[in-house]
Amino acid sequence: MASRGKTETSKLKQNLEEQLDRLMQQLQDLEECREELDTDEYEETKKETLEQLSEFNDSLKKIMSGNMTLVDELSGMQLAIQAAISQAFKTPEVIRLFAKKQPGQLRTRLAEMDRDLMVGKLERDLYTQQKVEILTALRKLGEKGCSQVTWTLPSASHQKC
């Protein structure tokens, strides 16, 4: 009988992660297709997706209040959802990696962005916004050395994470 509860908990966690992934992918797709949509359509779709995230967050709160075995795993997802709703992170990829607690992949993304900036594939403004998001996510994940960041020219850009 004890394994049945673990199986159900595991399945619930998997379903919640899939739901979060779907919503984050929806936000990412929306950002990628932004140029193809008119402003009203983009804003309406983004608003609907954020409402779905808010509803998902409410569901997580209910689950967390009733089932303490999932609290630790669900709290990370809830933080990511709250960040998306509050728009602390604007990049769905960063939200997804934050929710899944994947600091290594966040660091990899940061290195890719440094490279893309140097070769001219990424604009400075977008680079700065995403770098701040990634470093904030790393700090919130409790990563060491992320509190002090050196902002320099792209040719000498580095961070302590």
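**Figure 1. The span that UniProt annotates as "domain: Beta-catenin-interacting ICAT" covers residues 113-144.** The annotation comes from an unreviewed UniProt entry. The coordinates shown here and in the other views belong to a predicted model. Within residues 113-144, 72% of the span is helix and 0% is strand. The C-alpha atoms at the two ends of this span lie 21 Å apart.

**Figure 2. Overview of the chain, with six helices and two strands.** Read from the N terminus, the order of elements is α-α-α-α-α-α-β-β. The chain has 161 residues, and 34% of them count as buried. Its accessible surface comes to about 9,700 Å², and carbon and sulfur atoms hold 49% of that area. Among contacts in the chain with a separation of 6 or more, 58% are between residues 24 or more positions apart.

**Figure 3. Confidence along the chain, with a mean pLDDT of 75.** A pLDDT of 70 or more is reached by 71% of the residues. Helix 5 (residues 103-118) has the highest confidence, at 88. The lowest is found in strand 1 (residues 149-150), where the mean is 43. Over residues 147-160 the pLDDT stays under 50. For that stretch, the model has 26 contacts beyond four places in sequence.

**Figure 4. The largest nonpolar core, a set of 13 residues.** Leu106, Met113 and Ile134 touch the most other members of this core. Two or more residues come from each of helix 4 (92-99), helix 5 and helix 6 (124-140). Helix 6 gives the most, with five residues. Beyond four places in sequence, Ile134 touches Val94, Leu106, Arg109, Leu110 and Met113. A second core, separate from this one, has 12 residues, including Leu20, Leu23, Leu50 and Ile95.

**Figure 5. Helix 4, a mostly covered element.** Seven of the eight residues in helix 4 are buried. These are Pro92, Val94, Ile95, Arg96, Leu97, Phe98 and Ala99. Ile95 is also a member of the second nonpolar core, while Val94 is one of the residues touched by Ile134. Just after helix 4, Lys101 takes a positive phi of about 55°.

**Figure 6. Helix 6, with 17 residues.** From its first C-alpha to its last, helix 6 reaches 24 Å, close to the 24 Å expected at 1.5 Å a residue. The buried residues of helix 6 are Tyr127, Gln130, Lys131, Glu133, Ile134, Leu135, Thr136, Ala137 and Leu138. Charged and polar side chains are therefore listed here beside nonpolar ones, including Lys131 and Glu133 with Ile134 and Leu135. Gly142, just after helix 6, takes a positive phi of about 85°.

**Figure 7. Surroundings of Gln28 in helix 1 (residues 2-32).** Gln28 counts as buried because its relative accessible area is 19%, and the cut-off for buried is under 20%. Leaving aside neighbours within four places in sequence, Gln28 is in contact with Pro92, Glu93 and Arg96. Of these partners, Pro92 and Arg96 are listed among the buried residues of helix 4. Gln28 and Arg96 are 68 residues apart in sequence, and their C-alpha atoms are 9.9 Å apart in space.

**Figure 8. Surroundings of Gln129 in helix 6.** Gln129 counts as partly exposed because its relative accessibility is 29%, which falls between the cut-offs of 20% and 50%. The C-alpha atoms of Gln129 and Thr91 are separated by 8.9 Å. Along the chain, Gln129 and Thr91 are 38 residues apart. Gln130, also in helix 6, is buried.

Terms used
Residues are numbered from 1 along each chain as its sequence is written. This is a predicted model: local features need pLDDT of at least 70, side-chain atom pairs count only at pLDDT 80 or more; totals for chains, interfaces and linings use all residues. Side-chain values use heavy atoms; hydrogens and water are left out. pLDDT is the predictor's confidence in each residue, from 0 to 100. Helices (H or I, at least four residues) and strands (E, at least two) are DSSP runs, numbered from the N terminus. Contact means heavy atoms within 4.5 Å. A nonpolar core is a set of buried Ala, Val, Leu, Ile, Met, Phe, Trp, Tyr and Cys residues joined through side-chain atoms within 4.5 Å. Buried means under 20% relative accessible area, exposed over 50%, partly exposed in between (1.4 Å probe, protein chains only). UniProt positions are given in the numbering used here, feature names are shortened, and annotations may be inferred rather than shown by experiment. The expected span of a helix is 1.5 Å times one less than its number of residues. Accessible areas come from the Shrake-Rupley method with a 1.4 Å probe; for residues, only the protein chains shown count as cover.
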